[in-house]
Amino acid sequence: MHKKSIRDLNIRGKRVLMRVDFNVPLDEKQRITDDTRIKAALPSIKYALKYDAKLILMSHLGRPKGEVKKELSLAPSAVRLSKLLGKEVKMMKDCIGEEVKEAVKGMKDGDVILLENLRFHKEETKNDENFAKELASLGDVFVNDAFGTCHRAHASTVGVTKFLPSACGFLVEKEIDYFDKLIKNPDKPFALILGGAKVSDKIKVIENMLHKIDFLLIGGAMAYTFLKSRMKSIGNSKVELDKVGLADDIFKKARENNVSIFLPEDNVIAQEISAKTKVQIVGENIPDGWIGLDIGPKTTKKYCSVLKDAKTICWNGPVGYFELKPFRKGTTEIAKFISKLKATTVIGGGDTAAAINELGLGKKMSHISTGGGASLEYLEGIELPGIVALNDKWS
Ligand code: AMP
């Protein structure tokens, strides 16, 4: 990795301004329902505290769009972090201003402060220079450990780097290590599993990855646009008719690159998207009035036989409508199968990560990304602004 990590900074006794991702799900009473993201930041937080840093944490939560919204306060995260660390985490009423400056001035080595939701200020998402400067004035060094926002050029991800020595935290470092390897020198054979709702969301990923992979396994709703381009009947399945031509181009490019594309050979179908609906399994062709909602058992078996020999597997997008039990089997079986393989398994964030965590298989994968959008952009070959902005190792 060519970017500086927290290990490369001199942080002993320094004020460490750290961007974390505490964008956690809350219930209607503002109780945290899943603290995975807070726990994910612990290695960097504990490392900074081990070196007696004065730690100033900042994050966004939800989309308050520049307004103070009480229900989107980070206060519950301060309480949870305090419990996890077994020490006080002082919650601020704002992320900038006199009160914050005074509190930072009064910090002792090993103290932790959590700033209030950055997006209560519209300047955050606008990457406003003065706002970034104010944030930066709170620290001696900057550490970015929020991979989920690295694809956004915001004040707390990019703006602050103009004013402070900047490095990544352990979480971002791990993400970069895995994704860089996928993009630059993956162990072969390399299988890419793509599913989810739309071809249009994944098209750039396919274009960028096609000459790096050996197998492309397609599932989810996007499979039906590809099946349509192969002249199959797709009934009432979700389809993007304007992308059928693009699917044709992808087959052509795949042939040129010696990449094998696999499409569902059988499908779990239903007449409506509901948990109680009657389901059937059919082959490649789906009758009128029926919707393809999961890959069938024959396809699952076939996909597993391809994945068995892969040395690298990257997966983005569930292969069925996994939120409903009747259409969860394909995603579940593939997840269980790859969890037992020796291959490097990298799971994109968002729905795929949620599905795998729900199955309790998170720890069995080599890497589960903490950023849905960020991981997709990485695979699209886009350099993430929040990472580009960090100092190079040898600078
Ligand atoms: P994405 O965010 O693009 O990864 O899409 C994930 C969504 O695609 C999930 O909500 C899935 O339920 C949905 N999905 C997967 N397969 C299908 C399908 N066959 N028909 C409709 N939606 C699907």
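**Exercise 1.** In this predicted model, determine in which sense strands β13 and β14 pair, and over how many bridges.

Solution. Strand β13 covers residues 312-316 and strand β14 covers residues 344-347. They pair in the parallel sense, over four bridges. For one point of register, take C314: V346 in β14 stands opposite C314.

**Exercise 2.** Place β13 and β14 in their sheet, and find the edge strands.

Solution. Strands of a sheet pair through backbone hydrogen bonds, either parallel or antiparallel. Here six strands form an open sheet, and the pairing is parallel. Reading across, the order is β9-β8-β7-β13-β14-β15. The edges are β9 (260-262) and β15 (367-368), each of which pairs on one side only.

**Exercise 3.** Locate the cis peptide bond between K188 and P189 relative to the secondary structure.

Solution. Most peptide bonds are trans. The bond from K188 to P189 is cis, with omega near 0 degrees. P189 belongs to the loop between α6 (170-184) and β7 (190-194). Strand β7 is in turn a member of the open six-stranded sheet.

**Exercise 4.** For D52 and N258, give the phi angle, the location and the exposure class.

Solution. Most residues other than glycine have a negative phi.

- D52 is not a glycine, yet has a positive phi of about 55 degrees. The loop between α1 (36-50) and β2 (54-58) holds D52. Its relative accessible area is 35%, so D52 is partly exposed.
- N258 is not a glycine either, and has a positive phi of about 60 degrees. N258 sits in the loop between α9 (244-256) and β9. With a relative accessible area of 69%, N258 is exposed.

The class boundaries used in this step are 20% and 50%.

**Exercise 5.** Check the radius of gyration of the protein chain against the value for a compact globule, then describe the chain as a whole.

Solution. For 395 residues, a compact globule would have a radius of gyration near 21 Å. The protein chain has 23 Å, which agrees. The C-alpha trace spans about 70 × 45 × 35 Å along its principal axes. The chain contains 14 helices and 15 strands, and 55% of its residues are buried. Of the contacts between residues at least 6 apart in sequence, 73% join residues at least 24 apart.

**Exercise 6.** State the accessible surface and the charge distribution of the protein chain.

Solution. The accessible surface comes to about 17,700 Å², and carbon and sulfur atoms account for 49% of this. There are 64 positive and 52 negative side chains. The centres of the two sets lie 4 Å apart.

Key. Residues are numbered from 1 along each chain as its sequence is written. This is a predicted model: local features need pLDDT of at least 70, side-chain atom pairs count only at pLDDT 80 or more; totals for chains, interfaces and linings use all residues. Side-chain values use heavy atoms; hydrogens and water are left out. Helices (H or I, at least four residues) and strands (E, at least two) are DSSP runs, numbered from the N terminus. The radius of gyration is taken over C-alpha atoms; the globule rule is 2.2 Å times the number of residues to the power 0.38. Buried means under 20% relative accessible area, exposed over 50%, partly exposed in between (1.4 Å probe, protein chains only). Contact means heavy atoms within 4.5 Å. Accessible areas come from the Shrake-Rupley method with a 1.4 Å probe; for residues, only the protein chains shown count as cover. Lys and Arg count as positive and Asp and Glu as negative; His and the chain ends are not counted. The place of a charge is taken as NZ of Lys, CZ of Arg, CG of Asp or CD of Glu. Two strands pair if DSSP finds at least two bridges between them.
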